[in-house]
Amino acid sequence: MAPQIAPTTASAQVARTAAAPAITPELRTWIIQQAQANVSAPALIQAMTTAGWHEEVAMQALEETLREHLGHMGSDAIPATDQAVPEPSLQGAPSRLDAGDRQVDVLLSLALPRVVVLGNVLSPQECDALIEAARPRMARSLTVATLTGGEEVNADRTSDGMFFQRGESELIQRIEARLARLANWPLENGEGLQVLHYAPGAQYRPHYDYFDPAQPGTPRILARGGQRVGTFVLYLNTPEQGGGTTFPDVGLEVAAQRGNAVFFSYPLPHPATRTLHGGAPVQAGEKWIATKWLREREFT
Ligand SMILES: O=C(O)CCC(=O)C(=O)O
Ligand SMILES: [Fe+2]
């Protein structure tokens, strides 16, 4: 695939793989043609990387070009909105964000993967109240089975968990409103808050939160609000040792500190987003988190 962007000379190849290659008019034209022929975003990125483009450059080119030219076509991969992904308001590098009923601290911001670490998202009382509301409803964690679209027990995820219904209590409503405001993303696009508990030794092996487009069960999952495009992991306690959230592609580990949260987003369901992440094994103590996944559209 991608003969239109094949290098014509050795120096063209070198230029393309240099640190900051430009997106050429030829590449833009080719992307538009392929998208009009209904080639999927992951297949396009695959074709571009095969032709010698860096994955992240390919993803950026795809996003920019499609957002400019195809917004009106309602592509599955690129939401037809001004704002393709949830994103905190970090213009001007503020040290704090207004979350409506609370001022939240900005602790770290990374471009690729898009990761923002926030402090003081929840009060200690809110953390405890979430744990106590979840405790009687905990069961071994399921993950979405992309083969069938149902749910399954997953050996990679040795935690216990439960889901709150969206808006099911005043506490849940308050937290959901805060997260929606922090991410600038409609509250209705959020899945119900999930609470997970890890005992000593438990972990969640590295994974992506988006649904694999190649799996047969994925269309059924996407019918309820499209792809996942962002995640908040809220830390409800501080494990004594271990239990951070890791991003192995970039060697980042976010420490689990009560009341803090890590936010990350992924405009495409593709590894080029570098959003591979996991819950590191808890080495001492236990770990409680709440996860909020954000969909492209209203989650029903
Ligand atoms: O336990 C963590 O830190 C990560 C949890 C996670 O990846 C998830 O809930 O999807
Ligand atoms: Fe995850």
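## The E9–E15 pairing

Strand E9 pairs with strand E15 (residues 277-279) in the antiparallel sense, over two bridges. One place to look is Tyr204, which stands opposite Gly279 in E15. Keep in mind that this is a predicted model.

## The sheet around it

Zoom out a little and that pairing turns out to belong to an open sheet of four strands, running in the order E9-E15-E12-E13 with antiparallel pairing. Which strands sit at the edges? They are strand E9 (204-207) and strand E13 (252-254), each of which pairs on one side only. As for the angle between neighbours in this sheet, the strands are turned by 15° against each other on average, direction ignored.

## The annotated domain

UniProt has something to say about this part of the chain: an unreviewed entry carries the annotation "domain: Fe2OG dioxygenase" for residues 189-296. In the model, residues 189-296 come out as 5% helix and 42% strand. The C-alpha atoms at the two ends of that stretch are 7 Å apart.

## A look at Gly161

Now for another strand: E7 covers residues 160-163, and Gly161 is found in it. Is Gly161 buried or exposed? Gly161 counts as buried because 21 other C-beta atoms lie within 10 Å, and the cut-off for that label is 20 or more.

If you want a distance to check on screen, try Gly161 to Asp128: the two are 33 residues apart in sequence, and their C-alpha atoms are 16 Å apart in space.

## The protein as a whole

Counting up the secondary structure, the protein has seven helices and 17 strands. Of its 300 residues, 38% count as buried.

How about sequence separation? Take the contacts between residues at least 6 apart in sequence: 73% of them join residues at least 24 apart.

## How far to trust it

The average pLDDT for the protein is 83, and 75% of the residues score at least 70. Residues 1-20 are a stretch to treat with care, with pLDDT below 50, although the model gives them 25 contacts beyond near neighbours in sequence. Residues 70-83 also call for some caution: pLDDT stays under 50 there, and the model has 19 contacts for them beyond four places in sequence.

As for the overall scores, the model comes with an ipTM of 0.99 and a pTM of 0.74.

Methods: Residues are numbered from 1 along each chain as its sequence is written. Chains are lettered from A and ligands numbered from 1 in the order in which they are written. This is a predicted model: local features need pLDDT of at least 70, side-chain atom pairs count only at pLDDT 80 or more; totals for chains, interfaces and linings use all residues. A residue is buried if 20 or more other C-beta atoms lie within 10 Å of its own, exposed if 12 or fewer, and partly exposed in between; C-beta atoms are placed from the backbone. pLDDT is the predictor's confidence in each residue, from 0 to 100. Two residues are in contact if their C-beta atoms, placed from the backbone, lie within 7 Å. Two strands pair if DSSP finds at least two bridges between them. Axes are lines fitted to C-alpha atoms, for helices over the stretch in contact, and angles run from 0 to 180 degrees between N-to-C directions. UniProt positions are given in the numbering used here, feature names are shortened, and annotations may be inferred rather than shown by experiment.
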